Amino acid sequence: MARSSKKKEAWDDNGGTSTARAVERAYEYLRQQAIRYGFRPGERINEVEIAGSLGMSRAPVREALNRLVMNGLVAFEAGKGFLCRRLSVKEVTELFEIRSDLELAGVRDAVANASDEDIQIVRVGWAEIVKNQCGLDIETLVDCDEQFHLDLTELGGNVERVKYMRNINERIRFVRRINLEEEGRRATIIGEHSRVLGAIAARDGKKVKELMAHHLYFSAADLRSHVHEGFARIFADDMA
């Protein structure tokens with residue numbers, strides 16, 4: 001207990017900069033927990049316990065949680081406090097639909113606006129991933145997949161669209177990871193990414209739209225299946 005108190009004092013006595021670091025540290029920890037459902041859906045997030053485990057006061061934890069509420073990664077209910085977000089088929093479906101809208105607009109603008117040099121940079125980066133694909137674990141694959149789609153969106157030149165994409169990526173990552181674990185999905189994704197980039201480089205807007213729409217398509221049954229698998233993993237200890 002004495003050691004914990006000293007940590008708090010050392011953290012808080014350095015003024016605003018130290019407080020900002022505490023908020024960022026709490027935010028990053030809680031963000032990762034929220035993305036991965038380290039808390040169970042609907043579970044109350046205990047600010048006091050989190051603050052104690054991080055060796056800081058409750059204030060930066062609360063500020064971090066408020067930021068996560070604004071980003072859709074944590075919920076807040078009057079009388080209950082901060083809660084882990086629900087895992088909802090409806091919400092996941094809507095997020096995938098919005099993601100598709102944003103990305104189709106992004107590749108359309110990439111064909112029209114991106115420089116040859118910027119397109120080539122993305123192609124070279126992806127070619128390196130293709131070369132090393134056999135050594136990718138699932139977490140790295142998810143990271144590479146997310147970055148690829150962000151790179152395409154950035155090629156379109158709309159900064160606000162990229163911000164929305166980052167937020168949606170975080171909110172769907174848990175379900176997206178389950179999809180990427182499916183047998184044979186790795187090779188399919190890598191090949192589709194390469195073809196999309198080739199069509200962008202060729203400035204073939206019609207082909208890009210067709211390839212991207214196919215790549216982003218998820219049936220309602222697939223999404224329901226992934227959400228149900230997510231529930232099974234989150235509550236695995238209860239089902240054992």
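Ala, Val, Leu, Ile, Met, Phe, Trp, Tyr, Cys and Pro count here as nonpolar, Asp, Glu, Lys and Arg as charged, and the others, Gly among them, as polar. The legends below describe close-up views of a predicted model.

**Figure 1. The largest pocket and the residues that line it.** The space in this largest pocket comes to about 280 Å³, and 15 residues make up its lining. When these residues are sorted by class, 9 are charged, 4 are polar and 2 are nonpolar. Nearest the centre of the pocket lie Arg 31, Asp 143, Glu 146, Glu 170 and Arg 173. Helices H2, H7 and H8 each contribute at least two residues to this lining, and the largest share, 6 residues, is supplied by H8.

**Figure 2. A network of salt bridges.** The residues linked in this network are Glu 139, Asp 143, Glu 146, Arg 173, Arg 177, Glu 181, Glu 229 and Arg 233. Asp 143, Glu 146 and Arg 173, which belong to the network, are also among the residues nearest the centre of the largest pocket. As general background, side chains of opposite charge can pair when their charged atoms come close. Over the whole structure, the search for such pairs finds 23 salt bridges, and three individual pairs are taken up in the next views.

**Figure 3. The salt bridge between Arg 67 and Glu 24.** In this view the side chains of Arg 67 and Glu 24 meet with an N to O distance of 2.7 Å. The pair links distant parts of the chain, since Arg 67 belongs to helix H4 (residues 58-70) and Glu 24 to helix H2 (residues 16-36), and the two residues are 43 residues apart. Arg 67 has a relative accessible area of 27% and is therefore partly exposed, and Glu 24, with a relative accessible area of 43%, is partly exposed as well.

**Figure 4. The salt bridge between Arg 99 and Glu 103.** Here the closest N and O atoms of the two residues are 2.8 Å apart. Both Arg 99 and Glu 103 lie in helix H5 (residues 89-113), where they are separated by 4 residues, about one turn of the helix. Are these two residues buried or exposed? Both Arg 99 and Glu 103 are buried, a term that stands for a relative accessible area under 20%.

**Figure 5. The salt bridge between Arg 166 and Glu 154.** The side chains of Arg 166 and Glu 154 come together in this view at 3.3 Å, N to O. Arg 166 is found in helix H8 (residues 159-180) and Glu 154 in helix H7 (residues 138-155), so this salt bridge ties together parts that are 12 residues apart in sequence. Arg 166, at a relative accessible area of 42%, is partly exposed, and Glu 154, at 37% relative accessibility, also counts as partly exposed.

**Figure 6. The second largest pocket and its lining.** About 160 Å³ of space is found in this pocket. Its lining consists of Thr 93, Phe 96, Glu 97, Ser 100, Ala 213, Leu 216, Tyr 217, Phe 218, Ser 219, Ala 220 and Leu 223. Two or more of these residues come from each of H5, helix H10 (205-216) and helix H11 (220-234), with H5 giving the largest share, 4 residues. By class, the lining has 7 nonpolar, 3 polar and 1 charged.

**Figure 7. The largest cavity.** The structure has 2 cavities of 30 Å³ or more, and the largest of them holds about 80 Å³ of space. Among the residues that line this cavity are Arg 99, Asp 145, His 149, Arg 176, Arg 185 and His 215; the buried Arg 99 of Figure 4 therefore appears again in this view. Elements giving two or more residues to the lining are H5, H7, H8, helix H9 (185-201) and H10, and H8 gives the most, with 3 residues. The lining is made up of 5 nonpolar, 3 polar and 4 charged residues.

**Figure 8. The second largest cavity.** This cavity has a volume of about 50 Å³. Residues of its lining include Tyr 37, Arg 85, Arg 86, Leu 87, Glu 91, Arg 171 and Phe 174. H5 and H8 are the elements that supply two or more residues to this lining. By class, the residues around the second largest cavity comprise 6 nonpolar, 1 polar and 4 charged.

Conventions. Residues numbered from 1 in each chain as written. Predicted model: local features only at pLDDT ≥ 70, side-chain atom pairs only at ≥ 80, totals over all residues. Heavy atoms only, no water. Salt bridge = Lys/Arg side-chain N within 4 Å of Asp/Glu carboxyl O. Buried < 20%, exposed > 50% of the residue type's maximum accessible area, 1.4 Å probe, protein only. 1 Å grid on protein atoms, 1.4 Å probe; cavity = no way out; pocket = protein on both sides within 12 Å on 5 of 7 lines; lining within 4 Å. Points joined across faces, edges and corners; volume = space filled by probe spheres on them.
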